[in-house]
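User: Please take one close look at the packing and strand pairing in this model. Start with burial in the smallest part you want to discuss, and state the cut-offs as you go.

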Amino acid sequence: MVYEFLTLKQKENDSLFMYKNEKVFSSSKKVGLKITNINVKNILNLRVNYRSFSFQNYLKKVLKLEIPKNVGIFKNNGKLSLLAIGPSELLLIIADDKNIFSKSNYEKLLNNFSNVTDVTDHYHSLNLSGDKLRWVLSKGCSVDLNKSVFRPGSCVQTLLGNSNVIFTCNSDNSITLVCVSSYIEYVLRWLKDAANQEGYFFLTN
Amino acid sequence: MEKNRIKNFSIDFRKKVFFYFDNKKLYGFEGETLASALIANNIKLVGRSFKYHRPRGIIAIGSEEPNALVTINKGDKTEPNIQATKVHLYQGLIAKSQNCWPNLKYDFGSILSFFSKLIPAGFYYKTFMWPPNGWKTYEHFIRKMAGLGKAAEIHKDPNRYEHVHSHVDVLIVGGGISGLVSCLTLANSNLNIMIADENEELGGNLNYENDVFINSVAAKKWAKQTTKKLENLENVKILTHSNVFGYHDHNFITISENCEHEVSNKITQRLWKVRAKRVVLAQGLIERPIVFSGNDLPGVMLSSAVRGYANKYGVVLGKKAIIFTNNDDAYRTALVLYKAGIKIQCIVDLREQVSSKLLSKVQNIGIEIFFGHTLSKVIGRYCVKKVEVSKLSKEGKINSNSKKIINADLVAVSGGWTPSVNLFSQSGGKLKWDSQSLNFKPSFHFQNEVTIGGCNGTFDYEKTVLESIDKTKVIVKDLINKNLRETNLKIDSPKFNKSLRSTWFFNSSKDIFKNDKAFVDFQNDVTVSDVLLASNEGYNSVEHLKRYTTLGMGTDQGKTSNINGLEILSVKLNKAIPEIGTTTFRMPYSPVRLGLIGGRDISDLFDPIRLTKIDPWHRLNKAKYENVGQWMRAWYYPQDNENMQTAVNREVLNTRLNAGILDASTLGKIDIKGKDSRKFLNMIYTNDWSLIKPGQCKYGIMLNEDGMVMDDGVTTCIENNHFHMTTTTGGSASVLSWLEEWSQTEWPHLDVNITSVTENWSVLSLSGPKAREILSQSGCDIDLSNKNFPFMTFKNGKIGGIPVRIFRISFTGELSYEINTPSRYGLYLWQKILKSGGKFNLMPYGTEAMHVLRAEKGFIIVGQETDGSVSPLDLGMDWIISKNKKDFIGKRSLKISSTIKNRKELVGILTDNSEQIIPEGAHSIEDVKSSPPVEMLGHVTSSYYSPNCNRSIALALIKGGRSKIGQKVFFPTLDGDIITGKLVKPNFFDPNGDRLNGI
Amino acid sequence: MLNIECPYCGFRDEIEFSCGGEAHISRPELNDKLSDKEWSEYLYSSYNPKGLFIERWVHSAGCRQWFNMVRNTVTNEIYEVYKIGSLPKTKEGLLAFKNNWRRKTKSELIDLKKKKNNGKK
């Protein structure tokens, strides 16, 4: 049997590797939403009562990062992000930076206090920005994402259209969207349709 | 200039446009409503009524219009049942009347008017019953005669809709005087405000009046100035063209915004889902007509509408007007018509002599007023030509000697004003009857809302303004504890007498209803005699009245008819209205398109389509797909000219001869960690997990608490307190939820953590006698010998540097390796293995081949062999139920179901004709009889052609099947044939499993 | 569209949640004394009141935690939301709990016992 094969530039491929950059203007020649594909080095799911004093201290020392004290808060030190998405569930997102520990180091450190599960490829991330960002998201998300309510340092786990997503508000007021890998195609299609009138720019990176 | 346009009326409209009504080209102004343009062109006949096909015209100016329903546009944009009062004119608009044939003037259906005595309210409950088969014929004709407009022939709505979520501090419903004042008051508070109105501009009734001045500015102008002020504020969102149609739980309001007026907008309508901390209802009042004989003739209109058309659009539907009223408000209409140069023949006032400043003004002009008189009849065929005015005695009897006939072509009627309490009632609020103003007013508030102005029963302009300001200040104090500065508004409005006379005191007079064409509900053709008939037949509650007569059930929801109907019933029953009550108001306030409810979730955005990371290869190699839940999985890979059967046969044969590879990435994978993982698994699964060691795999079945099979899968012990559970593709979400539910609600003391990792791993299932060699050739660094890597174990390793977890488990019955790799490497690994396997004739196989391969071995698929009513014992799997465990989910129920005799059991079927494939779902019967009843024994759950067995095979659930092995069975097909076969053990290939344990 | 306060995430729209039916249903202990009738009651019978009702909900599109809710089935007023394993505190919640014809769950019995014991001390 003769089969066709794709020429892959690398062994690791994310769900959007076949996608191209795309730009659509609004009727007034503006771009209201910018979507950037993000590569993340690792995502670890930690199960622990993170409000305990000892864990907070330990983690602060090890990660050099403040630990969230409640659900809906996320802490970021540029390389690591810690999202509190449940009363005893944290997501540690390790940015794609050569200068950080490999995940196995983190796993060893964290295993003392918590149950760690690698969910790196389970999720896909996008960065969203633009002055029509919150307007577009309000078309499919019932959580109040206004700048006065959803402030930098907030994270929320909710629905966007028919897909489960996690939103975090970054310090520059852009929003990072994290969704389960196989839903990324739907989420992108939804965002493009919702931003059709406001204009959008999709960067595959 | 159109015939009915008032001379010297200054119109600040845009340009002149043409439009079509019933194929006739007419002219009007851009932006005015279709209704006002029709009035301008003296079009009195606009439609035919629902049941009697009576000629009907425009009676109102807003969304309370019951008669003037038209169909606009054509092709796939056709929209039926639109009120002409809500259509805005644009160049080339096409509008058609409805419910008439062959045309509006000479409508065949008007014959029904002659049979009106035979078709009163509820006639269909007593007719069309004989002969019994006759209904099929009757229904065909009734369907043709029923209904109003016709939907578009092309069934796809070309419009796009979207939803928007909004969170506001205060939502103001209604942009009339009370809404605007409230909004002005709030504007300085920095609260997040939204104000919504169904018209194209804010101002409400202020746009229809010319005798109200606010701060010495004409009310219309003041409304425009205020709107401009509000538009410039960042914290205020103005929604015009917006129908606030539903008040739901916890201050959740749905608003339908019509966006067609927005330039370059691809969205036709937008559904706003608003959650407001406080709601201010300012919907105003709706005028109600008076019920009298012939009150539905074109030319009879609501007095405030007559006034509004004159003031806003400069049109009047006649030259000789009569005003019929029971209150002072209609006198304002008299003044407006007089100024417009219309001859007012007289004013007929139901009340005995009354006086007020307003009345004096009218009397000073010299208009004749008949106090204590009524309009006993309206004369005309297609429109009003004459009216009959009669004197009433104090008790309400008509004095037949006093009848006067007066020429008239326009009758302006005012029966009082009804507060619009629809949304208030939807919110759960309770109403109270006010006998002074003859109205229901809000009394008990259930949600966080306030009512102000007309819809709160406040009729006075000054009082309305004060009430709006006061109640709004309370809201602000409540929300942000701030005191607002004073808003100064000076109102100058006509002073009039509040008295009203109930219009139903004279129902005892029989000769008013000689022709009994006194209409209560115009849209559904409900007359006074219908209401009385309902009561005579025993339908004495207001809910029964509504349903029996259909009063208030039209698209206008009885906006102009509910109170009148109640009044009639109350006099008939001799009970006060509060005792009779009112019906429940439900959403929508005005009709809403279904497409709007669908919003963005249509066609390819209806449901997410999920694809695995290996999908680009399947697509490139032209695989055919199958939907499994939200996933699209490769079904089979046809080569050259293969059809499905030949492709699947090839894939199945090749997997047992050489090797096959399947993309099984969609399978659910759940990571379970924690000290009490084993205890937890022991409760979830039926078998014993206490002894399994790291590196070992075990097949488990999980039951519902009622003892029926829910899901199955292989779970592996990765490390002592770490397990990797797999589930079926369709069950991955439900099993995860199941585990979380039990662990959180029943056994929270168990230390166990459950995380979904379904998408984290790509799964490549490599099966077949050559699987070992292919895996080794691909660069796998694990010792794959049977001794080192036995069946039902797992190993960590690398393939060409890529990290993998390999499980030696099999769903095909062949030597199998399920290779898990982080899904980023999935596609690369798939291609690598395929390339290495080329010389061994490795071929990919899809889900159909997978189904055949496992069926040849008698392996069940949950959801195919099980349907929630099948226990493990039925499947012949008593070996999987632990005898030692004290408890597990479903154990207690099994105790009961295991004692039931003659349950359906899993067996195999071999058809007598080996080429015949029994359709899945076919029922088996014991004896072939010529007529029913025939006892059914069970059904076929899976059925395929097996190329490895060279014949068809099937699995079925048959009553007492295991004890009937060897017996004959019959399967009737839908075509009337009978397929014959015999019952066998459910395993058709390699029953001893030698190939599985493969050396 | 109810506005439900998840004890962990705050107020969210009803669409993010799934309803889990009647709350405080205890799973009977499996022993010889457990009759078929009791078991069938546990499995299939459910309280269906007009008015105050305690039910379980799960925040399926959010933190995925289960919690209890005291709701009026006629007016949809939500009086209280409280964590699994604890007991209601509001007037309506206590009234609904008292009217509950079921036994309490094992963990709540432990909780109740603890409360009683603490009280004794």
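Analyst: **Chain C, then its partners**

Of the 121 residues in chain C, 25% count as buried, a residue being buried if 20 or more other C-beta atoms, placed from the backbone, lie within 10 Å of its own, exposed if 12 or fewer do, and partly exposed in between. The model is predicted, so local features are given at a pLDDT of at least 70 and side-chain atom pairs at 80 or more, while totals for chains, interfaces and linings use all residues. Residues are numbered from 1 along each chain as its sequence is written, with chains lettered from A and ligands numbered from 1 in the order in which they are written.

Chain C has 3 helices and 6 strands, where helices (H or I, at least four residues) and strands (E, at least two) are DSSP runs numbered from the N terminus. Along the sequence they follow the pattern β-β-β-α-β-β-β-α-α. Among the contacts in chain C with a separation of 6 or more, 52% are between residues 24 or more positions apart; two residues are in contact if their C-beta atoms, placed from the backbone, lie within 7 Å.

Chain C touches chain A through 12 residues of chain C and 11 residues of chain A. The chain C side of this contact divides into 5 nonpolar, 3 polar and 4 charged residues. In this classification Ala, Val, Leu, Ile, Met, Phe, Trp, Tyr, Cys and Pro are nonpolar, Asp, Glu, Lys and Arg are charged, and the others, Gly among them, are polar.

The contact between chain A and chain B takes 41 residues from chain A and 42 residues from chain B. On the chain A side, β3 (40-47), β7 (115-118) and α4 (184-194) each supply at least two residues. The largest share there, 6 residues, comes from α4(A). By class, the side of chain A that touches chain B has 13 nonpolar, 16 polar and 12 charged residues.

Within chain A, strand β2 (residues 33-38) has two pairings to describe. Two strands pair if DSSP finds at least two bridges between them. β2(A) runs parallel to strand β12 (residues 200-203) of chain A, with 4 bridges joining the two, and Phe202(A) in β12(A) is the bridge partner of Ile35(A). With strand β8 (residues 123-129) of chain A, β2(A) pairs in the antiparallel sense over 5 bridges. Here Ile35(A) stands opposite Leu128(A).

Chain B has an open sheet of 5 strands in the order β2-β1-β7-β5-β6, with mixed pairing. Its edges are β2 (24-29) and β6 (79-83), each with a single partner strand, so one side of each is left without a neighbour in the sheet. The twist averages 40° from one strand to the next; such angles run from 0 to 180 degrees between N-to-C directions, and axes are lines fitted to C-alpha atoms, for helices over the stretch in contact. Strand β1 (residues 16-21) and strand β7 (residues 93-97) of chain B pair in the parallel sense over 3 bridges, and Leu93(B) in β7(B) is the bridge partner of Phe19(B).

Another open sheet in chain B has 3 strands in the order β21-β22-β23, with antiparallel pairing. The edge strands β21 (373-379) and β23 (398-407) each pair on one side only. The twist averages 25° from one strand to the next. Between β21(B) and strand β22 (residues 386-392) of chain B there are 6 bridges, and Val378(B) stands opposite Val387(B) in β22(B).

Further along chain B, strands β32 (residues 624-628) and β33 (residues 631-636) run antiparallel and are joined by 5 bridges. Asn627(B) stands opposite Met632(B) in β33(B). Their hairpin has 2 residues between the strands, and Gly629(B) takes a positive phi near 65° there.

The helices of chain B come last. Helix α2 (residues 135-145) of chain B is hardly covered, with 0 buried residues among its 11. Gly147(B), which follows α2(B), has a positive phi near 85°.

Helix α10 (residues 528-536) and helix α12 (residues 562-573) of chain B have axes that come within 10 Å and cross at roughly 45°. The contact is made by Val528(B), Val531(B), Leu532(B) and Ser535(B) of α10(B) and by Gly565(B), Ile568(B), Leu569(B), Lys572(B) and Leu573(B) of α12(B). By class, these are 6 nonpolar, 2 polar and 1 charged residues.
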